[in-house]
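Grab your viewer and a coffee: here are a few exercises to work through by eye. Try each one before you read its solution.

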Amino acid sequence: MILPSLLSDAHGRIMRDLRVSLTDRCNFRCLYCLPETEEAAGFYRTKFDSIRNPNPQKLRLPDWKPRSEILSFEEIERIVRLSAALGIQKIRLTGGEPLLRQGTEVLVAKIAQIPGISDLAMTSNGFLFGKKGAALKAAGLQRISFSMDSLDRKNFKKMTGRDGLVEVLASITLAQELGLNPVKVNAVVIRGINDHELESLAEFAQNQNLSFRFIEFMPLDSSRAWLKDMVVPGKEILERLQTRFSLKAIQSPNSAETARRWAFPDGRGEIGIIAPVTEPFCGHCNRLRLTADGKIRTCLFSIQEHDLKSLLRGGASDPEIAELLRSIVWQKEAGHRIGKPDFVQPTRTMSCIGG
Ligand code: SAM
Ligand code: SF4
């Protein structure tokens, strides 16, 4: 039976996972998210001479939100506390780059104390983790996911706009030493850009005993360069890896798991394939997102956002905010519409939404 106090939607799903974006800013410029140069934004041109982007956009970085519009740690803590009372169990801090926010560990310590939050994780590009990792762990961070799309220094720089591979590799090792296990590493796979590295990334996962996630490229980039032809379907990724490694399927106990998981024969490390474009998992999605400027998004691809900040700053009581959250969640869309004729790419990019 669905209890009325939980965050349930009109399609029978109950929200358990809240992704909190701490900032819309980033120190990287990944070409699939926030490309910095015309060349990076038009990366498909060099590899796909035959492909014409039907939606060419003038390169424009997002208008960064002024500090006053970004939620304070106290405001975030209040929303997490209220969400936990409504059944949210898992918090993932993200961005933009969450470690650009001063004192992230202070927020981690506050959230770690909130009753009902059993899982506290972060997604980071890893560049600043070397300086902050120990403090985050001490504050109560339980898990971390890093983004690393290439093991080749030149290709890493091409994909992220920064020469940061050495730092990210060191962060992965540090996170393991700190016991933030299983440490996850995400790679967005783009045809013609890094798909030739699938096997070496998988081998790295096995050697380093990592949980490695291959993610399909989604239409959430600021330059709108996304084209279906650049997506390497999850099925193709799996077939390639199966040819090289004898992977065994892992049955996940978590029904809201987005990744299809595979183990290596020696039990070291694992592969996950996240295929939101070709194999949507909307039917069991239990996620909500809170943007850095205080908007609730019920889907990565939502066209509509719901303003929570005005209520928070307008003196609303806890029951009033809880009621708004419940009514927002009730309207959660059944699923995304990528590939459908009426698909509209959201105005905000992944870095502003909070991936
Ligand atoms: N800056 C942090 C990082 O990169 O890990 C956290 C924010 S980032 C937006 C969160 C995740 O979204 C990263 O794993 C990144 O690779 C992924 N991402 C960004 N743009 C994407 C896109 N267009 N398609 C698929 N994944 C994307
Ligand atoms: Fe920054 Fe993460 Fe987007 Fe890369 S994916 S530009 S690291 S927010």
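**Exercise 1.** Against which elements do the buried residues of α6 pack? Bear in mind that you're looking at a predicted model.

*Solution.* Start by picking out the residues concerned: in helix α6, residues 153-160, the buried ones are N155, F156, M159 and T160. Now look down the axis of α6: its buried residues fall within an arc of 115°, so they line one face of the helix. Then check what that set packs against, and you'll find α7 (165-177) and β5 (184-189). Finally, step past the end of α6 to G161, which follows with a positive phi, near 75°.

**Exercise 2.** Work out which residues are closest to ligand 1, and find the polar atoms around it.

*Solution.* Begin with the shell: ligand 1 has 17 residues around it, with Y32, G96, S124, S147 and M218 the closest. Sort the shell by class and you get six nonpolar, nine polar and two charged residues. As for secondary structure, β3 (119-124) and β5 each bring in at least two shell residues.

Next, go through the polar pairs:

- A polar backbone atom of Y32 sits 2.8 Å from a nitrogen atom of ligand 1.
- The side chain of S147 has an N or O atom 2.6 Å from an oxygen atom of ligand 1.
- N186 puts a polar side-chain atom 3.4 Å from an oxygen atom of ligand 1.

To wrap up, look at the cover: on its own, ligand 1 has 540 Å² of accessible area, and the protein covers 95% of that.

**Exercise 3.** List the residues that surround ligand 2, then sort its shell by class.

*Solution.* Going round ligand 2, you meet C26, F28, C30, Y32, C33, L34, G96, N125 and S351. By class that's six nonpolar and three polar residues, with no charged ones. Compare with the closest residues of ligand 1: Y32 and G96 are on that list, and both turn up around ligand 2 as well.

**Exercise 4.** Is Q345 buried or exposed, and what does its side chain reach?

*Solution.* First place the residue: Q345 is in the loop that runs between α11 (318-330) and α12 (350-353). Its relative accessibility is 14%, and the cut-off for buried is under 20%, so Q345 counts as buried. Leaving out residues up to four places away in sequence, Q345 touches P219, L220, D221 and R224. Two of these offer backbone oxygens to the Q345 side chain: that of P219 at 3.3 Å and that of D221 at 3.1 Å.

Technical notes:
Residues numbered from 1 in each chain as written. Chains lettered and ligands numbered in written order. Predicted model: local features only at pLDDT ≥ 70, side-chain atom pairs only at ≥ 80, totals over all residues. Heavy atoms only, no water. Buried < 20%, exposed > 50% of the residue type's maximum accessible area, 1.4 Å probe, protein only. Helix = DSSP H or I, 4+ residues; strand = E, 2+ residues; numbered from the N terminus. Arc of directions from axis to C-beta. Contact = heavy atoms within 4.5 Å. Near = heavy atom within 4 Å. Polar contact = N/O pair within 3.5 Å; in protein donor to acceptor, adjacent residues only side chain to side chain. Areas by Shrake-Rupley, 256 points an atom, 1.4 Å probe, with all protein chains shown as cover. Nonpolar A, V, L, I, M, F, W, Y, C, P; charged D, E, K, R; others polar.
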